[in-house]
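Trainee: Got a minute to go through a model with me? I'd like to work out a few helix and cysteine details.

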Amino acid sequence: MLFSQVLSFTGIAPPVERVRSWILKGGAAVTEQALFAGGNFVMNVALARSLPAADYGAFAFTYTILITLTAVHNAFILEPATVLETSRYASHLRAYCRAQLVLHAVFTACLGAILVAAGIAVSSVGLASSVGSALISAGACCPAILLFWLTRRFMYLLTRPMAAMTGSALYLASICAGIAVGIQLYDLSPVVGFLIMGAGGALAAAFMLLLIAHQAPRVTEDAVPFTMRTLISERWRYGRWLLAKVCLETAHAPAVTFIVTATLGLAAAGTLRAMQVFMVPISHTMTALSNLALPTLARDFGAGKLDSLRQKSRLITSLLVALALTVEIILVLFHGSLERLLYLGKFSSASALIPLFGIAALFDGAATSYGIVLSAVQQPRLLLISSAVSGPLALVVAVLSIQAWGIYGAALSFIVTYALSMIIRHRLARPWLATSHHLAQRRMESSEAGRERA
């Protein structure tokens, strides 16, 4: 059954080489994401083990803000590039990548300036100095960190996940080397942590840009069918819906962090982040499969191959949910041992949070699969509708549950957020997930109902 589903992902009875190519690319994409997640995972674990809980809380607080800005970057740069490029500019990828680099440089300079300004403001009013310095460091490194994210996405546009895997391996190696040097020469701190991430991102991005320069197809400049103005206009038309979605949906994680910090302190925020780290590998694996599937689904939609789109979306949903369920079983059985393995018992009193975040990842897997469908059919407005409903409800749950149960209430709010997102996105994606027979039947029923009303 699973083999037949894999075959259906690539078409009806495809050649053996085509199946083999998809298996290799899929494995490379998952491995690439694991290596990328491994770098961030190692950094979080090293800081959580070596820093006092309050100092790690400062890093977690700042890192959460950085991830929120990363979602803004995804709304205007990464996802539009993936969805629009595959249907419009596939034959002009070299020039398209250069234009994206210019947009990225301007956009991330603004994002970095926001973080630096926030850090200066926090330090000037006499709040936690560790938070202020961490914000400044994160702002300075933001363009380099996000450049690595952009070049990874370029590799997926080129359908070169193995090249992206090499870049992520370099990133992981750079993080490990940076931590080792930091421990030997300095004491690890939130500032040093962001500097290491920025240096690793810059090195890996430079490597992948060299690969892109050799692998992207060459075309004459006069054949390029876009200008910088048209690209910015496209980003606004498509990305404004995703930006509104980001403001509603991704605001949940920083809002929870802010609430926990304000009511329970930086140490509690650090504990919460330390337990969330166990969710990072599964989240990045889902992202890997999404990055691999989204261009393919977008091409199917652009070509009118809705049956193929439905088959592939069902396979992606099955894979993501099965993966998350497997991880959740492991977390339920071994969460205490995993906490001791990574943190040496430092957060043992909160280890029960680990399987709670695993449940959130399970719902997130299903929600992600339906979100891919809505992105592929170019319906960012429907993603906004989903966030507009689930986001405010989740924040209300967060406020009430944190007041009642502390950091366990914070974990509950993540479960509610992803569960609501899954339910709403599934309902919105149903028109594209229904079979041709069901669609025809619905049209017939609607027509008959209209005649009866007439």
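Mentor: Sure, and keep in mind that this model is predicted. A place to begin is just past H13: Gln 378, which follows that helix, has a positive phi.

Trainee: What is the phi of Gln 378, roughly?

Mentor: Gln 378 comes after H13, and its phi is on the positive side. The value is near 55°.

Trainee: And H13 itself, how many of its residues are buried?

Mentor: H13 covers residues 353–376, and from first C-alpha to last it reaches 34 Å, close to the 34 Å expected at 1.5 Å a residue. Buried means under 20% relative accessible area. By that cut-off H13 is mostly covered, and the count is 20 of its 24 residues.

Trainee: H10 and H13 cross, so is H10 parallel, perpendicular or oblique to H13?

Mentor: Their axes come within 9 Å, with a crossing angle of roughly 60°. The crossing is right-handed, and Leu 272, Met 275 and Gln 276 of H10 meet Leu 353, Ile 354 and Phe 357 of H13. Roughly perpendicular would take 65 to 115 degrees. That angle therefore makes H10, relative to H13, oblique.

Trainee: Now the cysteines: how many disulfides are there?

Mentor: A pair of cysteine sulfur atoms has to be within 2.5 Å to count. Take Cys 142: the nearest cysteine sulfur belongs to Cys 141 and lies 9.0 Å away, leaving Cys 142 in no disulfide. The disulfide count comes to zero.

Trainee: Is Cys 142 buried or exposed?

Mentor: Compare Cys 176, which has a relative accessible area of 37% and is partly exposed. Cys 142 has 0% relative accessibility, so it counts as buried.

Conventions: Residues numbered from 1 in each chain as written. Predicted model: local features only at pLDDT ≥ 70, side-chain atom pairs only at ≥ 80, totals over all residues. Heavy atoms only, no water. Helix = DSSP H or I, 4+ residues; strand = E, 2+ residues; numbered from the N terminus. Expected span 1.5 Å × (residues − 1). Buried < 20%, exposed > 50% of the residue type's maximum accessible area, 1.4 Å probe, protein only. Axes fitted to C-alpha atoms, helices over the stretch in contact; angles between N-to-C directions. Parallel < 35°, antiparallel > 145°, perpendicular 65-115°, else oblique. Left-handed = near helix turned anticlockwise from the far one by under 90°. Contact = heavy atoms within 4.5 Å.
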